[in-house]
Amino acid sequence: MKNRTGINFKEHNLSITKTPSFSKYDLKSPKSDFIYRVIFINIDGVMIVKGDFGNWIFCREFHPSKKDGVSDSYWAEKLTISSIQDPYNFDSEGTENRIREMLYEGGLEDYGYEGDKLERMKVYLEECLSCVNDSEWEYSYYAYSDKPDFLDAESVILCKSLDSSLLAVFDAFDEICSRMEE
């Protein structure tokens, strides 16, 4: 089981409350009710997570077991179905690295660009580099509105990473799973 954040939930106390229609997993520090506390509530087919890492509502209940771990992408999907919650943040460093890789390491020729398209793509990516450390909105505005006409929207480089608070929630998920009886 990987730790995503460096937060150690192993020493936290886990209390479990179950009724026929409700279950609650309360993971909290033995030193304080207010440090790195995460509460998972299953009710009516959804899971609500609340605590020091924000409030999250998933469209599926969480039933921990020792043999299962947490799949980040699976649970991120369950967070976004029928929701406006966004588990991802703009990753300017990842975007910049990907642009630099295309421009300088792999070479645009390896992506099939040649002639006029190659030159236009170089100019476009250089301009993307100049604004990649702006806000997501500013970068996206440039990257999508000034892209060459031969480049489709799915090919615009815009990397995202999971929200760090959500990663802490996933670490807490995994800790609860590790404590379940087989």
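**Close-up 1. Phe 170 and Phe 173, two rings of helix 5.** In this predicted model, Phe 170 and Phe 173 sit three residues apart in helix 5, about one turn of the helix. Phe 170 is buried, because its relative accessibility of 0% falls under the 20% cut-off. Phe 173 is buried too, with a relative accessibility of 0%. The two rings form a tilted aromatic pair, with 5.6 Å from centre to centre and 45 degrees between the planes.

**Close-up 2. Phe 173 meets Phe 40 of strand 3.** Let us stay with Phe 173 and turn to another partner. Phe 40 and Phe 173 also make a tilted aromatic pair, with centres 5.0 Å apart and planes at 55 degrees. Here distant parts of the chain are linked: Phe 40 belongs to strand 3 (residues 38-43) and Phe 173 to helix 5 (residues 164-178), 133 residues apart. Phe 40 has a relative accessible area of 0% and is buried.

**Close-up 3. The aromatic cluster around these rings.** Phe 40, Phe 170 and Phe 173 join Tyr 25, Phe 58, Phe 62, Tyr 74 and Trp 75 in one aromatic cluster. The structure as a whole holds 16 aromatic pairs.

**Close-up 4. Helix 3 against helix 4.** The axes of helix 3 (residues 115-131) and helix 4 (residues 136-145) come within 9 Å and cross at roughly 170 degrees. Helix 3 is therefore roughly antiparallel to helix 4. On the helix 3 side, Tyr 124, Glu 127, Cys 128 and Cys 131 make the contact, and helix 4 brings Tyr 139, Tyr 142 and Ala 143. Six of these contact residues are nonpolar, one is charged and none is polar.

Key. Residues are numbered from 1 along each chain as its sequence is written. This is a predicted model: local features need pLDDT of at least 70, side-chain atom pairs count only at pLDDT 80 or more; totals for chains, interfaces and linings use all residues. Side-chain values use heavy atoms; hydrogens and water are left out. Axes are lines fitted to C-alpha atoms, for helices over the stretch in contact, and angles run from 0 to 180 degrees between N-to-C directions. Helices (H or I, at least four residues) and strands (E, at least two) are DSSP runs, numbered from the N terminus. Angles under 35 degrees count as roughly parallel, over 145 as roughly antiparallel, 65 to 115 as roughly perpendicular and the rest as oblique. Contact means heavy atoms within 4.5 Å. Ala, Val, Leu, Ile, Met, Phe, Trp, Tyr, Cys and Pro count as nonpolar, Asp, Glu, Lys and Arg as charged, and the others, Gly among them, as polar. Rings of Phe, Tyr and Trp (its six-membered ring) pair if their centres lie within 6.5 Å; planes under 30 degrees apart count as stacked, over 60 as edge-to-face and the rest as tilted. Buried means under 20% relative accessible area, exposed over 50%, partly exposed in between (1.4 Å probe, protein chains only).
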